[in-house]
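Trainee: Before I use these labels, I want to see how each one is earned. Can we go through them one at a time?

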Amino acid sequence: AALIVAARAGSEYKVGELLRWGADVRGHAGGEALLAACRGGNYRVVRSLLSAGADSGVIPATEVRNMLA
């Protein structure tokens with residue numbers, strides 16, 4: 001839950017800290033965090049989550065288009 005909250009807030013620092021402390025990005029929480037970061041347009045957080053192994057398949061194409069618009 002902490003990872004999702006940090007991603008939703010766009011806190012690159014907090015997401016980074018959680019990842020360093022071993023937050024799991026491969027499960028449901030990682031997917032939700034990635035989606036929250038996309039919806040918030042938080043590019044750096046998205047990149048951090050993807051680099052840590054979050055599944056990009058959870059992001060609907062419409063979210064990607066909205067983020068890039």
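Mentor: Yes. Keep in mind that this is a predicted model. Start with Ala 7. Leaving out residues up to four places away in sequence, Ala 7 touches Val 15, Ala 33, Ala 36, Ala 37, Asn 42, Val 45 and Leu 49.

Trainee: What makes Ala 7, Val 15 and Leu 49 stand out in the largest nonpolar core?

Mentor: Their contacts. These three have the most contacts inside that core, which has 15 residues. Helices H1 (2–9), H3 (28–39) and H4 (43–51) each give two or more residues to this core.

Trainee: Why is H1 called roughly parallel to H3?

Mentor: Look at the angle. The axes cross at roughly 10° and come within 7 Å. The label needs an angle under 35 degrees. The crossing angle therefore makes H1 roughly parallel to H3.

Trainee: Which residues of H1 and H3 meet?

Mentor: From H1, Leu 3, Ile 4, Ala 7 and Arg 8. From H3, Ala 29, Gly 30, Glu 32, Ala 33, Ala 36 and Ala 37. By class, the H1 and H3 contact holds seven nonpolar, one polar and two charged residues.

Trainee: Now the loops. Why is Ser 11 called buried?

Mentor: Ser 11 sits in the loop between H1 and H2. The cut-off for buried is under 20% relative accessible area. Ser 11 has 18%, so Ser 11 counts as buried.

Trainee: What does Ser 11 contact beyond its neighbours within four places in sequence?

Mentor: Ala 6 and Val 45. In addition, the Ser 11 side chain reaches the backbone nitrogen of Lys 14 at 3.1 Å.

Trainee: And Lys 14: buried or exposed?

Mentor: Exposed. The label needs over 50%. Lys 14 has 52% relative accessibility, so the label holds. Lys 14 lies in helix H2, residues 12–20. Its C-alpha atom is separated by 9.0 Å from that of Ala 2, twelve residues apart along the chain.

Trainee: How do you know that Asn 42 is buried?

Mentor: Use the cut-off again: under 20%. Asn 42 is at 18% relative accessibility, so Asn 42 counts as buried. Asn 42 lies in the loop between H3 and H4. Beyond residues up to four places away in sequence, Asn 42 touches Ala 7, Arg 8, Gly 10 and Ala 37.

Trainee: What makes Val 25 count as buried?

Mentor: Its relative accessibility is 3%. Buried means under 20%, so the label follows. Val 25 belongs to the loop between H2 and H3.

Trainee: What does Val 25 touch, not counting residues up to four places away in sequence?

Mentor: Among others, Leu 3, Leu 19, Gly 30, Gly 31 and Leu 49. Val 25 also touches Ala 52, Gly 53, Ala 54 and Asp 55. Val 25 and Asp 55 are 30 residues apart in sequence, and their C-alpha atoms are 7.9 Å apart in space.

Trainee: Why is Gly 57 called exposed?

Mentor: Gly 57 is at 60% relative accessibility. Exposed means over 50%, so Gly 57 meets the label. Gly 57 is in the loop between H4 and helix H5 (61–68). From Gly 57 to Gly 31 the C-alpha separation is 8.6 Å, with these positions 26 residues apart along the chain as the count runs.

Trainee: Last one. Why is Ser 48 called partly exposed?

Mentor: Ser 48 has a relative accessible area of 21%. Buried needs under 20%, exposed over 50%, and partly exposed is in between. The 21% of Ser 48 therefore counts as partly exposed. Ser 48 lies in helix H4. Outside residues up to four places away in sequence, Ser 48 touches Glu 12 and Leu 19. Ser 48 and Leu 34 are 14 residues apart in sequence and 9.4 Å apart in space, C-alpha to C-alpha.

Definitions and conventions: Residues are numbered from 1 along each chain as its sequence is written. This is a predicted model: local features need pLDDT of at least 70, side-chain atom pairs count only at pLDDT 80 or more; totals for chains, interfaces and linings use all residues. Side-chain values use heavy atoms; hydrogens and water are left out. A nonpolar core is a set of buried Ala, Val, Leu, Ile, Met, Phe, Trp, Tyr and Cys residues joined through side-chain atoms within 4.5 Å. Buried means under 20% relative accessible area, exposed over 50%, partly exposed in between (1.4 Å probe, protein chains only). Helices (H or I, at least four residues) and strands (E, at least two) are DSSP runs, numbered from the N terminus. Contact means heavy atoms within 4.5 Å. A polar contact is a pair of N or O atoms within 3.5 Å; within protein, one must be able to donate a hydrogen and the other to accept it, and residues adjacent in sequence count only if both atoms are side-chain atoms. Axes are lines fitted to C-alpha atoms, for helices over the stretch in contact, and angles run from 0 to 180 degrees between N-to-C directions. Angles under 35 degrees count as roughly parallel, over 145 as roughly antiparallel, 65 to 115 as roughly perpendicular and the rest as oblique. Ala, Val, Leu, Ile, Met, Phe, Trp, Tyr, Cys and Pro count as nonpolar, Asp, Glu, Lys and Arg as charged, and the others, Gly among them, as polar.
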